[in-house]
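Visitor: Before we begin, could you take me through the reasoning behind the terms used for this model?
Guide: Gladly; let us look at the structure and then take the terms one at a time.

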Amino acid sequence: MPAESPRYEIAVVGPGAIGCLFGGLLKEAGHRVIMLDHRPERAESINRKGIHIEGISGTRDIAMKATANPSDVAGCDFALIATKSYDTGVAVNTISGVLRPSTPVMTLQNGLGNVELISRAVGDERTIGGITSQGATLLGDGSVRHAGAGKTVIGTPSNRLTENLRRVKGMLDSSGFAPQISDDLESTIWSKLLINVGINALTAITRLNNGRLLEFGGTRSIMQDAVREAVAVADARGIALAHGDPLAQVEEVCRLTAANVSSMLQDVLARRRTEIDAINGAVARIGLELGIPTPVNSVLASLVHTIESSYHLQVSR
Ligand code: PAF
């Protein structure tokens, strides 16, 4: 890190794939990082073994402080919420009680609703939202494969370039993430949502890598319909999408991340709850409110819910 760059104390809440990747690279850049985990035994293991990163940025182990005690992150300058979207509310409510009253809280999570939950807990001024397409696969507790260097975009709920946003940009620049600044956070989040709408549920259902979705007529046509419905919902909400041809953008991400196991497929393979409610489920929910038909997103959400509910069942012949 250049001598003049400030060193921050950063809390990373949730040691999943993105939490470990960002926490590890921020630590390597010279920041003090502490990971907050609701599972004490995993926090203890990360404390002992550190974070293991392999992949495009090389293979190494990075010493890391981790805790299950929220009061340990009280003095942090920034908090990054990196839990699954269904845990955002609990995560931000847990830390908002202990953080200083001005500490910014950032989300780069998939799906809709994260910025709103954080804003509700700490206020718009302290909230930083955004997206990341960094490819990260969790290999085990505290262990991640850095599979691809996708872009990261950050912004504020007011779309203003605040001092907090400048500082977060500096912090992420220092660790090589080079985030772009968004002047329309809702557009940024919906534009990424469309990518997850087209890829995540389909890969989770078919158990295919992202790139393989383009190889089959069935998956291509379902992807096209799911994305088309989500675009109609975005249009009805008055959201200006970042890409003129969203389907082409989804296909491009499939190609760029061809070998990725999507985050939703990682969840299904590990028999975990998925983020379906914040992705295709959210499109179907908002479509219903606005009177926009979303049959394909509803079916995708129902199928993924069925997979989640039947992990314990065996096929009987
Ligand atoms: O959720 C994911 O896996 C990622 O957001 C993306 C971009 C679909 C790549 O796998």
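**Ligand contacts and an enclosed space**

Guide: In this predicted model, a polar side-chain atom of Asn-210 is placed 2.9 Å from an oxygen atom of the ligand.

Visitor: Why is the pair formed by Asn-210 and the ligand called a polar contact?
Guide: The cut-off for a pair of N or O atoms is 3.5 Å, and the 2.9 Å found for Asn-210 lies within it, so the pair counts as a polar contact. By that cut-off the side chain of Asn-196, at 3.0 Å from a ligand oxygen, qualifies, and so does the side chain of Asn-200, at 3.1 Å.

Visitor: How do you know how much of the ligand is covered?
Guide: On its own the ligand has 280 Å² of accessible area, and the protein covers 92% of that.

Visitor: What makes the shell around the ligand polar or nonpolar in its make-up?
Guide: Its residues, among them Asn-110, Lys-192 and Ser-262, divide into 7 polar, 1 charged and no nonpolar. Helix H6, residues 185–206, gives the most to this shell, with 3 residues.

Visitor: Why is the space lined by Ser-191 and Leu-241 called a cavity?
Guide: A cavity is a set of points where a 1.4 Å probe fits but cannot get out, and because this space meets that rule it is counted as one. The count comes to 1 cavity of 30 Å³ or more, and the largest has a volume of about 50 Å³.

Visitor: Which helices each supply at least two residues of its lining?
Guide: They are H6 and helix H8 (246–256), and the lining as a whole divides into 6 nonpolar, 3 polar and no charged residues.

Terms used
Residues are numbered from 1 along each chain as its sequence is written. This is a predicted model: local features need pLDDT of at least 70, side-chain atom pairs count only at pLDDT 80 or more; totals for chains, interfaces and linings use all residues. Side-chain values use heavy atoms; hydrogens and water are left out. A residue is near a molecule or strand if one of its heavy atoms lies within 4 Å of it. A polar contact is a pair of N or O atoms within 3.5 Å; within protein, one must be able to donate a hydrogen and the other to accept it, and residues adjacent in sequence count only if both atoms are side-chain atoms. Accessible areas come from the Shrake-Rupley method with a 1.4 Å probe; for residues, only the protein chains shown count as cover. Helices (H or I, at least four residues) and strands (E, at least two) are DSSP runs, numbered from the N terminus. Ala, Val, Leu, Ile, Met, Phe, Trp, Tyr, Cys and Pro count as nonpolar, Asp, Glu, Lys and Arg as charged, and the others, Gly among them, as polar. On a 1 Å grid over the protein atoms alone, a cavity is a set of points where a 1.4 Å probe fits but cannot get out, and a pocket is an open set with protein on both sides within 12 Å along at least five of seven lines; lining residues have an atom within 4 Å of a point. Grid points are joined across faces, edges and corners, and a volume is the space filled by probe spheres set on the points.
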